[in-house]
Amino acid sequence: MPEAPETLLQKWLAGDITGPEAERLLDVLQSDPVAAGRLLGHLHVDALLRDLAASGDILTPPETDPALPVRSRRAWPAGAGWMAVAAVAVALGTLVLIRKNDPPPPGGPSVTASPPEETSKAVALLTRSTDAVWEAAVPPGLVEPGWLRLRSGLVELEFFSGAQVVVEGPAEIQVISPDEAFCPRGKLSAEVPPQARGFRIGTPKGTVVDLGTAFGLSIDGSGAEVHVFKGEVELHDRPGSPVRGLREGQAVATDGKGDWNAKNANPTAFAALHGAGARADELQRQHFAAWKGAAAALNADPQMLARFDFLEATGRRLPNRSSARSVDDATVVGATWAHGRWPEKAALEFRSLADRVRVAVPGESEQLTLDAWVRVDALSRRYNSIFMSEGWAEGSLHWQILDTGAVRLGNHGGHGRRGGDFDSPVVFNAGRFGQWTHLAVRIDGKAGRVSHFVDGRKTAEIDLRTGPLFLRPGLAELGNWNTSTHADATPIRHLSGAIDEFAIHSRLLSDEEIRSTAEIGRP
Amino acid sequence: MNTHETRAAQLFLAHHGFVKAMALRHAPWPGLVEDIAQQVFLEFMAKEEKWNLDGDLRPLLATMTRHVALRHWRQRTRNLPETVQKLAEHIRQLAEDRSAPPRYDEEVTILRNCLAELPERSRELIRRYYFDEQSTRDIGAELSMNPDTVCRALSRVRDQLRACVLKNLTPEPDHA
């Protein structure tokens, strides 16, 4: 008995139709335009279903409001499995990892490549800088092997061996390993605990090997000096020559011929380096005072909807300092008060599922600018919330950090307008963890354009051709996300880190205003 | 990764549904759409510095997708029996002649809600076939059904889903 058209159609879709069956199906399609249209419809639905199946959430329960799209937070549809991987690969510059598989029917093809786990080559930590002017900016945080060129100012490096080195510019220092550096020019002091015994600093005139001590090193075009303040060092001046030992209070300096001559150690010659900590503290106090002094002008902006400065621990209430006060004070749930960018200032730490700050931003806007000072300690979730509208309703904004380290502004769309995911390049990696970072996102709803800023610098301006955006933040949370009734495969999105300032404006801040806000708040 | 590359990738992502719809039009072979979209992405990114990202990318992506789709189509069909090749070519012609604009993104979104509204038994069938990748024979064995009955049931569910998607498609917005 000949098989029914439905069975033939199914066999075509499953890819196991035989020659005679194909002949029969062709007959049907050629003689019956309705059947032909139906087959095309099936092919279409089959492709969509494979797409959804590839996304792994084909069985998501129905929305409370079925009129709302379940997941349209991308300008592309759900189920873009390999594209998600591709996006990650693009962000990490690892496109070469994308492999094309033969499509396994049904269920569609899959891509098995995954981004490599991030590693760090860091060997030291830049812990402090005072009036530092670099040839090429070096942010606080992890330092990988390479050259640091300091024009002026003081910086403090903690090598992973435990050695602590303060460098005064102008200086060049090549960080080589956790227990080795090379300095052809500059002045530095080193404190080397017993655990870091053997820490060495090379110079063109010789290598200083520390035996658990404190010493100073100065080198310029005219010669080099090594001063031992505590303990003992070895000086290896050239291959084959005897090692010279230097004890506490001793020093050596090269003469015009390049020979080393003994002299007494002179701690005052390195006084600036020893006072680096006090100077850095004083500078921090000045920065804090400047930030506080700028607050009145910032808060007076009539289009500032809210500014939470986290100035001091205020229990469960977080006051909105904006003069316009279009937004009520926020409510702290769970999050813990801690030190902020400066010791005198507070911050809220987000660690657990419960930690969040609830804030209601009423109304719709055509333009918005959000900025925040954030300390990210880890990217422990796939999505790590900065500021997220509750659920995923029309007009919702989801400002979050992806586990790739990129920052995403997601907009749901609504009122006939499309939304989309506007992603920045990668911002957060191991080198930024634990450091305060200023983030801003400028949303031009009229133009459908979103710009991301990091530490006052624009890193991306994105137009996804969505057309105008519909912006209605509504009830939202800092540092977490309340899914409300929205069903989602990744409902846990709390931040692992801290926030110590957040502002939202109903206008587009200029590049200069954002740069200035970041600069004035720099710790 | 420079800014132009990042932007190119982002713009491609924004046009991903468009590319898939074009792929389905030129190479309506089950399961081939993702392959084609992936290849177009790789080729688009390989020459990203050449593209003007400020203009409408759709003509470019449409051309690229057509070329890639036809290439994949030829690879996929050239070793088939002649009668199956004829059928495949006929179906490809039907798909290309269809004038409906691609609405892939929107349709996927709507389809998810349509799935949620299906009776449990129909959802179960879809889950087994598309999600668990069971064959109609295996589904029939587990549910004590004739494989042909499974084929007909799957066919009916796809009809329902198609009708549901068409019913819920909104008019094309002005800015799309």
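Mentor: Let's start with a term: strands are DSSP runs of E, at least two residues long, numbered from the N terminus. With that in hand, T203(A) lies in strand β6 of chain A, residues 200–203. Bear in mind that this is a predicted model.

Trainee: Why does T203(A) count as buried?

Mentor: The cut-off for buried is under 20% relative accessible area. T203(A) comes in at 9%, so it counts as buried.

Trainee: What does T203(A) touch, leaving aside its neighbours within four places in sequence?

Mentor: Contact means heavy atoms within 4.5 Å. On that basis T203(A) meets F182(A), C183(A), L217(A) and I219(A).

Trainee: What makes the pairing of the T203(A) side chain with the backbone nitrogen of K205(A) a polar contact?

Mentor: The limit for a pair of N or O atoms is 3.5 Å. A polar atom of the T203(A) side chain sits 3.0 Å from that nitrogen of K205(A). The T203(A) side chain also has a polar atom 2.8 Å from the backbone oxygen of G206(A). Both distances, 3.0 Å and 2.8 Å, pass the test.

Trainee: Now S396(A). Where is S396(A) found, and why does it count as buried?

Mentor: S396(A) sits in the loop between β21 (383–389) and β22 (397–402) of chain A. Its relative accessibility is 3%, and the threshold is under 20%, so S396(A) is buried.

Trainee: Which residues does S396(A) touch, not counting those up to four places away in sequence?

Mentor: Among them are S389(A), E390(A), G410(A), H412(A) and R472(A). Add to that a side-chain polar atom of S396(A) lying 2.8 Å from the backbone oxygen of A393(A).

Trainee: What about G456(A): why is it called buried?

Mentor: G456(A) has a relative accessible area of 11%, under the 20% limit, so buried it is. It's in the loop between β26 (449–454) and β27 (457–463) of chain A.

Trainee: How do you know which residues G456(A) touches?

Mentor: Apply the 4.5 Å heavy-atom cut-off. Not counting residues up to four places away in sequence, G456(A) touches H438(A), I514(A), R515(A) and A518(A). There's also a C-alpha distance to quote: G456(A) and A440(A), 16 residues apart along the chain, are separated by 7.7 Å.

Trainee: Why is helix α1 of chain A described as largely enclosed by the rest of the structure?

Mentor: Count its residues: 7 of the 10 in α1 (residues 5–14) are buried, so the description fits. The buried ones are E6(A), T7(A), L8(A), L9(A), Q10(A), W12(A) and L13(A). Just past α1(A), G15(A) takes a positive phi of about 75 degrees.

Trainee: On to the largest pocket. What makes a residue part of its lining, and which residues lie nearest its centre?

Mentor: A lining residue has an atom within 4 Å of a pocket point. The largest pocket has 50 of them, with V138(A), P139(A), P140(A), G141(A) and Q435(A) nearest the centre. Elements giving two or more residues to this lining include β3 (146–159), α6 (276–299) and α7 (511–520) of chain A. The largest share, 9 residues, is from β1(A). As for volume, the pocket holds about 1600 Å³ of space.

Trainee: How many lining residues of the largest pocket fall in each class?

Mentor: The split is 21 nonpolar, 15 polar and 14 charged. Watch out for Gly, which goes under polar in this scheme.

Trainee: How do you know where to be careful with chain A?

Mentor: Go by pLDDT, the predictor's confidence in each residue, from 0 to 100. Chain A averages 82, and 85% of the residues score at least 70. Over residues 60–81 of chain A, though, the pLDDT is below 50, with 73 contacts in the model beyond near neighbours in sequence. Residues 88–117 of chain A are also below 50, with 64 such contacts. Where pLDDT is low, the predicted coordinates should not be read in detail.

Trainee: And what is the mean pLDDT of chain B?

Mentor: For chain B the mean is 83, and 93% of its residues reach 70 or more. Residues 172–176 of chain B stay under 50. For the complex, the predictor gives an ipTM of 0.89 and a pTM of 0.53.

Trainee: How many helices and strands are there in chain B?

Mentor: Chain B has 9 helices and 0 strands, while chain A comes to 7 helices and 29 strands. Buried residues make up 55% of the 176 in chain B and 53% of the 523 in chain A.

Terms used. Residues are numbered from 1 along each chain as its sequence is written. Chains are lettered from A and ligands numbered from 1 in the order in which they are written. This is a predicted model: local features need pLDDT of at least 70, side-chain atom pairs count only at pLDDT 80 or more; totals for chains, interfaces and linings use all residues. Side-chain values use heavy atoms; hydrogens and water are left out. On a 1 Å grid over the protein atoms alone, a cavity is a set of points where a 1.4 Å probe fits but cannot get out, and a pocket is an open set with protein on both sides within 12 Å along at least five of seven lines; lining residues have an atom within 4 Å of a point. Grid points are joined across faces, edges and corners, and a volume is the space filled by probe spheres set on the points. Helices (H or I, at least four residues) and strands (E, at least two) are DSSP runs, numbered from the N terminus. Buried means under 20% relative accessible area, exposed over 50%, partly exposed in between (1.4 Å probe, protein chains only). A polar contact is a pair of N or O atoms within 3.5 Å; within protein, one must be able to donate a hydrogen and the other to accept it, and residues adjacent in sequence count only if both atoms are side-chain atoms.
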